[in-house]
Amino acid sequence: MPANLTHQYRKAEAAYRRATTAEEELHCLQNMLREIPKHKGTDKLQSDLKRKISHARKLINGASGHAAGQSQRQRIPRQGAGRAVLIGAPNAGKSQLVTRLTRANPEVAPYPFTTHKPQPAMMPWHDVMVQLIDTPPIAIEAFDSTLLDLIRGADLVLLTIDLGEASGIEAAQQIVEHLQQTKTRLAPTSYLDLDDLGVSYTQTLAVLNKCDLPNFSENLPLLDAFFPLPLERLSVSAHTGEGLESLAQAIFAALDVVRVYTKLPNNKEPDYDRPFTIQRGGTLLQIAHLIHKDLASNLKHARVWSRHLHDATTVNGDYVLHDQDVVELHI
Ligand SMILES: Nc1nc2c(ncn2[C@@H]2O[C@H](COP(=O)(O)OP(=O)(O)OP(=O)(O)O)[C@@H](O)[C@H]2O)c(=O)[nH]1
Ligand SMILES: [Mg+2]
């Protein structure tokens, strides 16, 4: 029987994927269980959820132990409009890309295994910031499984491939195939497997790096023959900067968020410097909640300036926001 999952369930599931603490995970799993349609087709999902809830509770209650403390330390707080994690083989150019896209200064070197631990940095894109995480290289023979948590929790993975060398394709192919054997896999879009909740797919862009090198165009067609996944591809050079604007644009687009500017009733102009961002499809009530939870519970109505409406249209909390809407909240 098909599960026929609702929009509300999908939203709860998306929040679960982004949870960065055990408490958040528990809260999201409880939401998923509440929202899941209760019928025979979802029996297995329901019992999976209950099992995960009980596991998350145990983790939180026993959090004084060494293992729990360690996993908390490895968690990097989420910042900005979303999180993209760069992964790839040694020397693919991950750190060089982060240097070019952000103001961070990770170590870049002409030899492999330069980066030792995940490092967050912020990428400015127009008026928002996106969190990029540089990671140590993936070597199949010594795979560091803590990377799996980062991939699972990411909004986007940037699989960085060195196309300056033909061996770059094989290295990336091995990474993809290795991950497909785990429960944390790469895919053109993010979703959780309906038959096995433990299996998670994270949306991935293939970043074809080193397009300034002479062998790049020769290696490009080899991708079609040898690369196992139909991922969106972008050719870039972290060295010359070519393609990086398109990459930044693609990263922001993949996050699928909208920017919302708030305006105080007595002010003429909204605060254009600091937009709030929420997942596309999000409502005015969610923005109110982001600003302050009391604002959400006391919200009476709002006025909206939007490309899709007449200026200053009055709307309610369930109004679905568009990118670059301006809202004036009234309580
Ligand atoms: N020609 C060229 N060289 C590049 C490019 N991007 C990176 N490199 C060089 O490739 C080497 C590796 O770059 P890193 O950014 O350190 O690679 P990494 O993927 O972070 O490596 P690990 O930390 O070992 O995983 C350095 O010598 C960079 O200067 C590029 O687009 N073109
Ligand atoms: Mg590096």
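The following paragraphs walk through a predicted model of a protein chain with a bound ligand, from its overall form to some of its individual residues.

The overall form is a good place to start. The protein chain holds 11 helices and 13 strands. Along its principal axes, the C-alpha trace extends over about 60 × 50 × 40 Å. For 331 residues, a compact globule would be expected to have a radius of gyration near 20 Å, and the 22 Å found for the protein chain agrees with this. Of these 331 residues, 33% count as buried. Contacts between residues far apart in sequence are well represented: among contacts with a separation of 6 or more, 64% link residues 24 or more positions apart.

The domain assignment divides the protein chain into domain 1 (7–72), domain 2 (76–255) and domain 3 (257–330). The centres of domain 2 and domain 3, taken over C-alpha atoms, lie 33 Å apart. Where these two domains meet, five residues of domain 2 are in contact with five residues of domain 3. On the domain 2 side, the touching residues comprise three nonpolar, one polar and one charged.

Within the range of domain 2, helix α5 deserves a closer look. This helix covers residues 94–101, and six of its eight residues are buried, so the rest of the structure largely encloses it. The buried residues are Lys94, Ser95, Gln96, Leu97, Val98 and Leu101. Their packing partners include the strands β1 (83–88), β2 (119–125), β3 (128–134), β4 (156–162) and β7 (200–209). Helix α9 (244–255) also packs against the buried residues of α5.

Helix α5 also takes part in the surroundings of the ligand. In total, 23 residues surround ligand 1, and the closest are Gly93, Ser95, Thr115, Pro137 and His239. The largest share of this shell comes from α5, which supplies three residues. By character, the shell around ligand 1 is made up of 10 nonpolar, 10 polar and three charged residues.

A neighbour of this helix can be followed in strand β2, where Ala121 has its place. Ala121 counts as buried because it has 20 C-beta neighbours inside 10 Å. Apart from residues within four places in sequence, Ala121 is in contact with Val98, Thr102, Ala104, Leu132 and Asp134. One of these, Val98, is itself among the buried residues of α5. By contrast, a separation of 24 Å lies between the C-alpha atoms of Ala121 and Pro188, two residues that are 67 residues apart along the chain.

Strand β11 offers a view of domain 3. This strand spans residues 301–305 and has two faces: Ala302 and Val304 form the covered one, while His301, Arg303 and Trp305 form the uncovered one. Strand β11 has pairing partners in both β13 and β12. With β13 the pairing is antiparallel and runs over five bridges, and within it His301 stands opposite His330. With β12 the pairing is again antiparallel, this time over three bridges, and here Arg303 has Thr314 as its bridge partner.

The loop between β11 and β12 contains Arg307. Arg307 is exposed, because just 8 other C-beta atoms lie within 10 Å, where 12 or fewer is the limit for an exposed residue. The C-alpha atom of Arg307 is separated by 37 Å from that of Asp193, a residue 114 residues away along the chain.

Backbone geometry brings out two further residues. Most residues other than glycine have a negative phi. Asp256 is not a glycine, yet has a positive phi of about 55 degrees. Its position is in the loop between α9 and β9 (257–262). Gln324, also not a glycine, has a positive phi of about 70 degrees, and is found in the loop between β12 (313–315) and β13 (325–330). Asp256 is partly exposed, with 16 other C-beta atoms within 10 Å. Gln324 is likewise partly exposed, and has 16 other C-beta atoms within 10 Å.

How values were computed. Residues numbered from 1 in each chain as written. Chains lettered and ligands numbered in written order. Predicted model: local features only at pLDDT ≥ 70, side-chain atom pairs only at ≥ 80, totals over all residues. Helix = DSSP H or I, 4+ residues; strand = E, 2+ residues; numbered from the N terminus. Contact = placed C-beta atoms within 7 Å. Near = placed C-beta within 6 Å. Nonpolar A, V, L, I, M, F, W, Y, C, P; charged D, E, K, R; others polar. Rg over C-alpha atoms; globule rule 2.2 N^0.38 Å. Domains from an automatic or database assignment. Pairing = 2+ DSSP bridges.
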